[in-house]
Amino acid sequence: MDDYRTHVEIDLAAIRQNAEAIKTFTGKRLIAVVKADAYGHGVVPVTQTLRGVADMFAVATVEEGVKLRQAGVQEPILVLFSSLPNQASQVIEHGLVPTISDWGFADRLNTIASDTIKVHVNINTGMNRSGVHWTEATQFLHRLKTLDRLTVAGVFTHLATADEPDKSYVFVQIERFASVLEKIPNSGRSVHAANSAATLAVRYAYFDAVRPGLSLYGIYPASERPVALEPALTWKARIGWIGSLSEGEGVSYGLTYKAPHQSRVATVQVGYGDGYPRALSNVGEVLIGGVRRSIIGRVCMDVSVVGLESTDNVSVGDEVVLIGEQGDAEITVNELAHRAGTIPYEILTQIGARVPRIFKHESFK
């Protein structure tokens, strides 16, 4: 790891333990959401780690599902969003479980399929970004019965506000969802609605399966913490240069930071080209030698500058922690997201491809 200017360490054992804890807590089937490269954690090692715990995996795109099949994943893979009609052949070829949200895609699947295809139907209960509107869902599900090569194996919805303190709209959505379920016979199909926030806080949303994403990786989406979760990702970098500033001298592009007195600075080998947010300019913090040090000046594409104290004993090549623990100190992804004015989902999924992932506890493969 000393060879890397910046890298991410992924604790696969923590991810498996989180999944097991969630499954035990809910008592429901587990649909593990591994879209966006498993939220930046590395989709193939994560999926291999969760074998035997997850009952199904969920991705956002056909391409993500194909990647898992090519990696040898045999478990059911649900594509959470309705695909384009011209992707129907890929869905069939790779044995993916497609989501149906419109008639055109359903009809195309049925036309080219040679065998029965299991599908899930997305019902829009108020998030209003995808799905069959709940007031039309019963009619749509009945119409799907005319497509003889499609079998509805699952029905689900997405919750818009499960991570908010006020859960009232969650219950509105669940009531709408339940009203649809009451009108269709339950012939063993899977019913799911609970994302990570609902999995941890809204038992009413469980149905037959839960569909956590963020919480699998040890991050709480809201204030509720009924299950002990372990963060799986640590992001580290190295000091690449150490210098000094005279009083009044500026740092980085635009010279937005001016030294209040003569001081030392260090360049950390990570920047927005790696996914470290530019929004952390002059507001971010990192850990060096187990203590917090501030980002000064603008975050650059490849490096960032931090201010040092006169007592800091640092050298080129020393470890810097961006997310995770060092000594007794810790910077969480939630804190970093807050400082950057965003959410942990974005922080994790924006960690770039040029940041190597180092996987710990790979014996689960």
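The backbone oxygen of Ile-123 sits 2.6 Å from a polar atom in the side chain of Thr-157, and that threonine is a handy way into this model, which is a predicted one. The protein chain has eleven helices and 20 strands, and its C-alpha trace spans about 75 × 40 × 40 Å along the principal axes. Of its 365 residues, 53% are buried. Long-range contacts matter for the picture here: among contacts with a separation of 6 or more, 63% come from residues 24 or more positions apart.

**Thr-157 and its surroundings**

- Thr-157 belongs to the loop that runs between strand S8 (150–156) and helix H8 (168–181).
- Loop or not, Thr-157 has a relative accessible area of 0%, so it counts as buried.
- Besides the Ile-123 backbone oxygen, the Thr-157 side chain has a polar contact with the side chain of Thr-125, at 2.8 Å.
- Leaving out residues up to four places away in sequence, Thr-157 touches Asn-122, Ile-123, Thr-125, Gln-173, Phe-177, His-192, Ala-193 and Arg-211.

**Val-33, a strand residue with far-off neighbours**

- Val-33 is part of strand S2 (residues 29–33).
- With a relative accessible area of 4%, under the 20% cut-off, Val-33 is buried.
- Its C-alpha atom is 8.3 Å from that of Leu-216, although the two residues are 183 apart along the chain.
- Leu-216 is also one of the residues Val-33 touches, and that list includes Tyr-39, Ala-58, Leu-80 and Tyr-217 as well.
- Arg-211 turns up for both residues: it touches Val-33 and it touches Thr-157.

**The nonpolar cores**

- In soluble globular proteins, nonpolar side chains tend to be buried together.
- The largest nonpolar core here has 108 residues, and the members touching the most others are Leu-144, Trp-235 and Tyr-276.
- There is also a second, separate core of six residues, among them Leu-245, Val-251, Ala-259 and Ile-296.
- What does Tyr-276 touch, not counting residues up to four places away in sequence? Its contacts include Trp-235, Val-270, Ile-295, Val-299, Leu-322 and Leu-336.
- Tyr-276 also touches Glu-285 and Val-286, two names that come back in the hairpin below.

**The S15–S16 hairpin**

- Strands S15 (residues 285–288) and S16 (residues 291–294) run antiparallel and are joined by four bridges.
- Val-286 has Arg-293 as its bridge partner in S16.
- Two residues separate the strands of this hairpin, and Gly-289 in the turn has a positive phi of about 65°.
- A salt bridge joins the side chains of Arg-292 and Glu-285, at 2.7 Å from N to O.
- Buried or exposed, where does Glu-285 fall? Its relative accessible area is 18%, so Glu-285 is buried.
- Arg-292, at 33%, is partly exposed.

**Helix H10**

- Helix H10 (residues 333–340) has Val-333, Leu-336, Ala-337 and Ala-340 as its buried residues.
- These residues lie on the same side of H10, because they cover an arc of only 100° around the axis.
- The packing partners of the buried H10 residues are strand S18 (319–326), strand S19 (329–331) and helix H11 (344–349).
- Leu-336 is also on the contact list of Tyr-276.
- Glu-335 and Arg-339 form a salt bridge, with their closest N and O atoms 3.1 Å apart.
- Both sit in H10, four residues apart, which is about one turn of the helix.
- Arg-339 is partly exposed, at 32% relative accessible area.
- Right after H10 comes Gly-341, with a positive phi near 70°.

**Other salt bridges**

- Side chains of opposite charge can pair when their charged atoms come close.
- The structure holds 14 salt bridges in total.
- In one of them, Glu-319 pairs with Lys-236, and their closest N and O atoms are 3.2 Å apart.
- That pair connects distant parts of the chain, with Glu-319 in strand S18 and Lys-236 in strand S11 (residues 233–245), 83 residues apart.
- Glu-319 is partly exposed at 26% relative accessibility, whereas Lys-236 is buried at 13%.
- Arg-5, Asp-274, Asp-302 and Arg-354 are tied together in a salt-bridge network.

Definitions and conventions. Residues numbered from 1 in each chain as written. Predicted model: local features only at pLDDT ≥ 70, side-chain atom pairs only at ≥ 80, totals over all residues. Heavy atoms only, no water. Buried < 20%, exposed > 50% of the residue type's maximum accessible area, 1.4 Å probe, protein only. Contact = heavy atoms within 4.5 Å. Polar contact = N/O pair within 3.5 Å; in protein donor to acceptor, adjacent residues only side chain to side chain. Pairing = 2+ DSSP bridges. Core = buried A, V, L, I, M, F, W, Y, C linked by side-chain atoms within 4.5 Å. Arc of directions from axis to C-beta. Salt bridge = Lys/Arg side-chain N within 4 Å of Asp/Glu carboxyl O.
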